[in-house]
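Notebook open, coffee poured. I am going through this one residue by residue, and then I will step back to the whole chain.

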Amino acid sequence: MEEAQKVVAKFAEDRDWRQFHTPENLAKSIAIEAGELLECFQWNNDCDKETICDELADVMTYCLHMANVLDVKPEDIILSKMKKNAEKYPVEKAKGNAKKYTDL
């Protein structure tokens, strides 16, 4: 993921777009792109995989921009969050169960 993060950073830097990449703007962009990803499934499940992957890549690209602005490594924050999730959703209570951790 480090290479992708560098490519994303260089892309923005080459175009002088970092000035627009505030956490607020990036959060909005992530939500907008997530909506476009969801739109692929709006009426049915007959989705074009390439289109889905393009929209997923857009979401992930904005997430990498956000990580760059916050000066964090995506792998570090993902692993930290997964540790918290493991505590909230212990296997013995959550396996095969879709309930929220407060309802386990």
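I began with N85, which sits in helix 4, residues 74-88. This is a predicted model, so I keep that in mind for every entry here. Is N85 buried or exposed, or something in between? I looked up its relative accessibility and found 21%, so N85 counts as partly exposed. The cut-off for buried is under 20%, so a value of 21% leaves N85 in the partly exposed class.

I also checked N85 against N44. The two are 41 residues apart in sequence, and their C-alpha atoms are 31 Å apart in space.

**Entry: E33**

Next I went to helix 2, where E33 is found. Helix 2 covers residues 23-39. E33 caught my eye, as this residue is buried yet has no salt bridge. Which side chain of opposite charge is nearest to E33, and how far away is it? My lookup gave K28, at 14 Å. A salt bridge here needs nitrogen and oxygen within 4 Å. I then listed what E33 touches, leaving out residues up to four places away in sequence: E55, D58, V59 and Y62.

**Entry: salt bridges**

A friendly reminder to myself: side chains of opposite charge can pair when their charged atoms come close. How many salt bridges does the count give? It comes to three, and I took them one at a time.

K28 turned up again here, this time with a partner. The side chains of E24 and K28 meet in a salt bridge, 3.2 Å from N to O. Both belong to helix 2, and because they are four residues apart there, about one helical turn separates them. For exposure I noted that E24 counts as exposed at 52% relative accessibility, whereas K28 is partly exposed at 44%.

In helix 1, I found D14 and K10 joined by a salt bridge of 2.9 Å, N to O. Where do D14 and K10 stand relative to each other in helix 1? They are four residues apart, so about one helical turn lies between them. K10 has a relative accessible area of 48%, so I logged K10 as partly exposed.

K6 and E2 also form a salt bridge, with their closest N and O atoms 3.5 Å apart. Both lie in helix 1, residues 2-14, and are four residues apart, about one turn of the helix. I marked both K6 and E2 as exposed.

**Entry: the whole chain**

Stepping back, I counted five helices and zero strands in the protein chain. Read from the N terminus, the elements run α-α-α-α-α.

What is the radius of gyration of the protein chain? I got 17 Å, where a compact globule of 104 residues would be near 13 Å. The C-alpha trace spans about 50 × 35 × 25 Å along its principal axes.

On burial, I found that buried residues make up 21% of the 104 residues. The accessible surface comes to about 8200 Å², and 55% of that surface belongs to carbon and sulfur atoms.

For contacts, I took pairs at least 6 apart in sequence; of these, 58% join residues at least 24 apart.

Last, I looked up charges. The protein chain has 15 positive and 21 negative charges, and the mean positions of the two sets are 10 Å apart.

Technical notes: Residues numbered from 1 in each chain as written. Predicted model: local features only at pLDDT ≥ 70, side-chain atom pairs only at ≥ 80, totals over all residues. Heavy atoms only, no water. Helix = DSSP H or I, 4+ residues; strand = E, 2+ residues; numbered from the N terminus. Rg over C-alpha atoms; globule rule 2.2 N^0.38 Å. Buried < 20%, exposed > 50% of the residue type's maximum accessible area, 1.4 Å probe, protein only. Contact = heavy atoms within 4.5 Å. Areas by Shrake-Rupley, 256 points an atom, 1.4 Å probe, with all protein chains shown as cover. Lys, Arg positive; Asp, Glu negative; His and termini not counted. Charge placed at Lys NZ, Arg CZ, Asp CG, Glu CD.
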